[in-house]
Amino acid sequence: MSQGLPSSLEDMLTGLNEKQREAVTAAPGPILVWAGPGSGKTRVLTYRVAYLIAAHDVPPWRILAVTFTNKAAREMRERLENLLGVKASGLTVGTFHAFCARMLRQEPAYHPFTERFVIADAEDQRRLVKQAMEDLRISDTFYPVRQVHAAISRAKNAGQWPDDFPENDLRNRTIKQVYRRYQELLLASRALDFDDLLLWAVRLLEEHPGLRRKYSERYQHILVDEFQDTNALQYHLVKLLAQEHRNIFVVGDMDQSIYRWRGADYRNLERFQRDFPEARIIPLEENYRSTQYILDAAMGVIRPLHKKPKRLYTRRGQGRKVVVKRVRDTYQEATFVVETILEMVRTGQAQLGDFAIMYRTNAQSRVMEDRFLEYRIPYRLVGAQRFYGRREVKDLLAYLRLLYNPADESSLLRIINVPPRGIGMKTLAALRTQAQRMGLSAGELLLDLAAHPETYASTFNRRVFNVLKHFADQLASWQAAMTRLSPLDLLDRILHDIEYKTFLRETSRHPEEAETRWENVMELRRLVAEYPPSALEQFLEDVALMSDQDTLEEGDAPTLLTLHAAKGLEFPVVFIVGLVEGLLPHARSTEDIEALDEERRLFYVGITRAKDRLFLVVPETRWSFGTYEPLNPSRFLKDLPPEAVSGDLEKLFPHLKKKKKRRRAAAKGASSTSPGESTRPAPRYREGMRVRHARWGLGTVVSVEEAGGDQILMVAFDTGTTKPLLASMAPLEIVG
DNA sequence: GCGTGGGAGACATGT
DNA sequence: TCTCCCACGC
């Protein structure tokens, strides 16, 4: 079989270990690669594609590879081009969302959005949910927009359309109405939200057998990375496409499942084995990334989630022990980080680009950034929101989006009076009313007004007509220019016409602020400049689907990022900061066992990013809402094997040794909650008891599992949901 | 119509 | 500590 392989591919195969080679060269068919951290799964995935092309003569355009980020997609494509040359072109590589967006644009006949739809960002989505609630006269006092939106998104990710949404209680009936209205508003704007991309793609394939045939014939080989973080819809999509030819290669690791809250379901790994029973399962166990002490720490942390101990081994040697460092507060934490970095750089142990600082919440980056600035150390901050969330950037993107899709109401509302052009509430209301009357969007009406002003002279009063006409003429002229200008030239034209620089100067408090905002505009210009003429659509889509990791650029500076954003990356030296109760595990995750387990896996993911050195930092207090708040060290630290750790671990848990035995006996999830530390003595629950939960209301205990002095309860709430709860942690009381 | 200033609420994690 | 929203005055 490997006869006639390019020599680069031969070399590559000899560089793999036995299991990796087995995965790469396995005969086509369903394959599940069980890949621990640092086991070379990215390589395996890339080589697998190369192997299909080179050894099985699969044309690249018959291959679909789904990656977790666009960055990963880009890297895979580049590597393949290096391995195979031009042969790799035609390959489809991208995220689920990008793939679905592309499919929907290619099949406008099968959905009502036409090919020129926009993708609603998080802000648009909230705005539309709010609008939907206003339309329905639903007060946000009882139905906070965030929560309603979350419920809708959850439903979508489970594959539910408004018709499928439950109506078992008043709350759900209300949300169902909002969901329905929200979809109408999206459609009127010719916009899809992130979840819709998947939802509609699945619907198309389900409802149109011809389409399903077309796509499953086209993509006869499908590969999916980070399979444990796929959600129900994504799994469904894969299944629809792969059912026929069954050449489906998935790579995943349950222990790195950290997106349950976003609808991901690691049980897709089990579903996969059920739907493709003939699947070959190949475990990749050897770790090439970390030294053994780091792996020992990782194993200790993940241990409570497994019946049998998890084995992670490396040939890299013991390495240096994991350092646990206790500091007074978050400022000292930042100081410790920067000073350690400087010291390690000074002594030649590492370069600036080798470091990563990971935290649970984005808010934690601030203190760290301040310290980096103070010490004049450059840093790279991972986070798409950081740049694309800026007002000036969003405003300019809204201009481009509106020109691309005049129905995009969110964008129009955003910029219709930015900079101020005399269009206030009154004028806007008149515009929208008239648009509604004519069955147009406000943007479409404006373009029509520019084309036939005389038709509108009697519709609006003189003042309103004049201000609208002025803006409409601008829109129309940009739109006419759009077809021949590159995205950059179009942007420049807009910047010039609206005198944006002047506007920034006039609305900024200090000259420096105007300067910074203008620099952001220049940065946007730089990004736009990479797109050729007629690629505005691609630019807008790339921006909309940009992931945090996609913003990470090469550079010789430490990287600041959340633990979530760290997935799939590796760094020689890793600091994980804020290892305290309330942050990791996060306060909002402590009452639900599954959420708690996910926090543990998140810590595990962070630990396993480190190649050579790992520092775990524990502040004793933090400044929060005006006072110093005392903090307790994260319960997960108790599961670190003391032999692999140096530093302050024993100071944090003076009684650690005594409790060790009990912890061992404890079951999954409850392992490290020592009874002495819970906030209050847990009452004893029994099956059949009626209980009240602070959030979910009344319910009945349906099962009780004793676990290391604590109890794991399954509670069936009257709302219809059943939740696992930890007796000592859940805000639960016995009633009646 | 528009700018300003004060008060309230917010910080999970992100496509 | 920052952002959003509303009320008020010009």
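How far is a phosphate oxygen of DNA strand B from a polar backbone atom of Lys426? The two atoms are 3.0 Å apart. These legends walk through several close-up views of a predicted model.

**Figure 1. The protein surface around DNA strand B.** In this view, 29 residues surround DNA strand B, and Arg360, Asn362, Asn417, Asp548 and Arg588 come nearest to the strand. Of the strand's atoms that come within 4 Å of the protein, 51% belong to sugar and phosphate. Sorted by class, the nearby surface holds twelve polar, nine nonpolar and eight charged residues. Helix 19, spanning residues 425–438, supplies the largest share of this surface, with three residues.

**Figure 2. Polar atoms facing DNA strand B.** Here we look at individual atom pairs. Lys426 uses a polar backbone atom, which is 3.0 Å from a phosphate oxygen of DNA strand B. Two other residues reach the bases with their side chains: a polar side-chain atom of His564 sits 3.2 Å from a base oxygen, and one of Ser589 sits 2.9 Å from a base nitrogen.

**Figure 3. Two cis peptide bonds and a positive phi.** A little background helps with this view: most peptide bonds are trans, and most residues other than glycine have a negative phi. The bond from Val418 to Pro419 is cis, with omega near -5°. Pro419 belongs to the loop that runs between helix 18 (409–415) and helix 19. Leu584 and Pro585 are also joined by a cis peptide bond, with omega about 0°. Pro585 can be found in the loop between strand 15 (571–576) and helix 27 (593–607). For the backbone torsion phi, turn to Arg246, a residue other than glycine with a positive value near 65°. Look for Arg246 in the loop that links helix 11 (232–242) to strand 7 (248–252).

**Figure 4. Helix 17 crossing helix 23.** Two packed helices are described by the angle between their axes and the distance between the axes. For helix 17 (residues 391–404) and helix 23 (residues 487–497), the axes come within 11 Å and cross at roughly 115°. The crossing is right-handed. Helix 17 contributes Leu396, Tyr399, Leu400 and Leu403 to the contact, while helix 23 contributes Leu490, Leu491, Ile494 and Leu495. By class, the contact has eight nonpolar residues, with no polar and no charged ones.

**Figure 5. Helix 7 alongside helix 9.** The axes of helix 7 (residues 145–157) and helix 9 (residues 194–207) come within 9 Å and cross at roughly 25°. Helix 7 is therefore roughly parallel to helix 9. Their crossing is left-handed. Ser153, Lys156 and Asn157 of helix 7 meet Asp195, Asp196, Leu198 and Leu199 of helix 9. These contact residues comprise three charged, two polar and two nonpolar.

**Figure 6. Helix 1 packed on helix 3.** What angle separates helix 1 (residues 7–14) from helix 3 (residues 41–55) where they pack? The angle is about 135°, and the axes are 11 Å apart. Helix 1 is therefore oblique to helix 3. The two helices make a left-handed crossing. On the helix 1 side, the contact involves Leu9, Met12 and Leu13; on the helix 3 side, Tyr47, Ala50, Tyr51 and Ala54. The contact has seven nonpolar residues, no polar and no charged ones.

Methods: Residues are numbered from 1 along each chain as its sequence is written. Chains are lettered from A and ligands numbered from 1 in the order in which they are written. This is a predicted model: local features need pLDDT of at least 70, side-chain atom pairs count only at pLDDT 80 or more; totals for chains, interfaces and linings use all residues. Side-chain values use heavy atoms; hydrogens and water are left out. Axes are lines fitted to C-alpha atoms, for helices over the stretch in contact, and angles run from 0 to 180 degrees between N-to-C directions. Helices (H or I, at least four residues) and strands (E, at least two) are DSSP runs, numbered from the N terminus. A crossing is left-handed if the near helix is turned anticlockwise from the far one by less than a right angle, and right-handed if clockwise. Contact means heavy atoms within 4.5 Å. Ala, Val, Leu, Ile, Met, Phe, Trp, Tyr, Cys and Pro count as nonpolar, Asp, Glu, Lys and Arg as charged, and the others, Gly among them, as polar. A residue is near a molecule or strand if one of its heavy atoms lies within 4 Å of it. A polar contact is a pair of N or O atoms within 3.5 Å; within protein, one must be able to donate a hydrogen and the other to accept it, and residues adjacent in sequence count only if both atoms are side-chain atoms. Angles under 35 degrees count as roughly parallel, over 145 as roughly antiparallel, 65 to 115 as roughly perpendicular and the rest as oblique.
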